[in-house]
Amino acid sequence: MAETSLRRARTIIRKTLDHGKAAGMKPLSVIVLDSGGNPIAFERSDRASPGRYQIAHGKAYGAVMLGMPGSAQMKRAEDQAYFIACANGAFGGALVPVPGGVLVRDGKGRLLGAVGVTGDTSDNDAAAAKAGIEAAGLEAEV
């Protein structure tokens, strides 16, 4: 999020983890990427498996690089598997095209970056990301 500070990224992460805990979700891992796909901040909850960084990153990276949230990527993969397979190849296998990759926009609809959440079901991951983004005063495209 080029226009967003590290402080705001940390707020998104904290509020995402708070939402997950309050909802009784499994331990979550959360990453915030800027509009160029670069990591700003990442946290992995206690007891979350160590491979969660790559999954969270893949969810957020796919969202920001393709300009579509994970839910739309999954639908596209179901409808046109070859497109997602080719896109994943173009990005070095870094995409994880499932819910939990959420685009972050400002109040004017400008893309600021993406949040990737993993640890529970993909739909719960997306809901936690949405809660964190909105708690930071931004708009989530799930």
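Biologist: Why is Ser71 called partly exposed?

Modeller: In this predicted model, Ser71 has a relative accessible area of 30%. Buried means under 20% and exposed means over 50%, with partly exposed in between, so 30% puts Ser71 in the middle class.

Biologist: Where does Ser71 sit, and which residues does Ser71 touch beyond its sequence neighbours?

Modeller: Ser71 belongs to helix α3, residues 70-79. Leaving out residues up to four places away in sequence, Ser71 touches Val98, Pro99 and Val142. Take Val142: 71 residues separate it from Ser71 along the sequence, while their C-alpha atoms are 6.7 Å apart in space.

Biologist: And what makes Thr118 buried?

Modeller: The relative accessibility of Thr118 is 2%. The limit for buried is under 20%, so Thr118 counts as buried. You can find Thr118 in strand β4. Beyond four places in sequence, Thr118 touches residues including Pro27, Leu28, Ile55 and Ala56.

Biologist: How do you know that Thr118 and Arg52 make a polar contact?

Modeller: Their side chains come to 2.6 Å. A polar contact needs N or O atoms within 3.5 Å, one able to donate a hydrogen and the other to accept it. The pair of Thr118 and Arg52 is listed as such a contact at 2.6 Å, which lies within the 3.5 Å limit.

Biologist: What lies 2.7 Å from a polar atom of the side chain of Ser45?

Modeller: The partner is the backbone oxygen of Leu28. Ser45 itself is in the loop between β2 and α2. Apart from neighbours within four places in sequence, Ser45 is in contact with Leu17, Pro27, Leu28 and Ser29.

Biologist: Let's turn to the rings. How many aromatic pairs are there?

Modeller: There are two aromatic pairs.

Biologist: Why is the pair of Phe42 and Tyr53 called edge-to-face?

Modeller: Two numbers decide the matter, because a pair of aromatic rings is described by the distance of the centres and the angle of the planes. The centres of the Phe42 and Tyr53 rings are 4.8 Å apart, and the planes stand at 75°. Rings pair if their centres lie within 6.5 Å, and planes over 60 degrees apart count as edge-to-face, so Phe42 and Tyr53 pass on both counts.

Biologist: What does the pair of Phe42 and Tyr53 tie together?

Modeller: Phe42 is in strand β2 and Tyr53 is in helix α2, so the pair joins parts that are eleven residues apart in sequence. Phe42 is partly exposed at 28%, and Tyr53 is partly exposed at 31%.

Biologist: What makes Tyr61 and Phe91 an edge-to-face pair?

Modeller: Their ring centres are 5.8 Å apart and their planes are at 90°. The limits are within 6.5 Å for pairing and over 60 degrees for edge-to-face, so the name fits Tyr61 and Phe91. This pair links distant parts of the chain: Tyr61 is in helix α2 and Phe91 is in the loop between α4 and β3, 30 residues apart.

Biologist: Is Tyr61 buried or exposed?

Modeller: Tyr61 is buried, because its relative accessibility of 16% falls under the 20% limit. Phe91, with 26%, is partly exposed.

Biologist: How do you know that the charged end of Arg76 sits over the ring of Phe83?

Modeller: The charged end of Arg76 is 3.8 Å from the centre of the Phe83 ring. The rule asks for CZ of Arg within 6 Å of the centre, and within 35 degrees of the ring normal. The distance of 3.8 Å satisfies the first part, and Arg76 is listed as sitting over the ring.

Biologist: Now the strands. In what order do the five strands form the open sheet?

Modeller: The order is β2-β1-β4-β3-β5, with antiparallel pairing.

Biologist: What makes β2 and β5 edge strands?

Modeller: Each of β2 and β5 pairs on one side only.

Biologist: How do you know that β3 and β5 pair?

Modeller: Two strands pair if there are at least two bridges between them. Three bridges join β3 to β5, so the requirement is met. Within this pairing, Val104 stands opposite Ala140 in β5.

Biologist: Why is β3 called mostly covered?

Modeller: Four of the five residues of β3 are buried. Each of those four is therefore under 20% relative accessible area.

Notes
Residues are numbered from 1 along each chain as its sequence is written. This is a predicted model: local features need pLDDT of at least 70, side-chain atom pairs count only at pLDDT 80 or more; totals for chains, interfaces and linings use all residues. Side-chain values use heavy atoms; hydrogens and water are left out. Helices (H or I, at least four residues) and strands (E, at least two) are DSSP runs, numbered from the N terminus. Rings of Phe, Tyr and Trp (its six-membered ring) pair if their centres lie within 6.5 Å; planes under 30 degrees apart count as stacked, over 60 as edge-to-face and the rest as tilted. Buried means under 20% relative accessible area, exposed over 50%, partly exposed in between (1.4 Å probe, protein chains only). Contact means heavy atoms within 4.5 Å.
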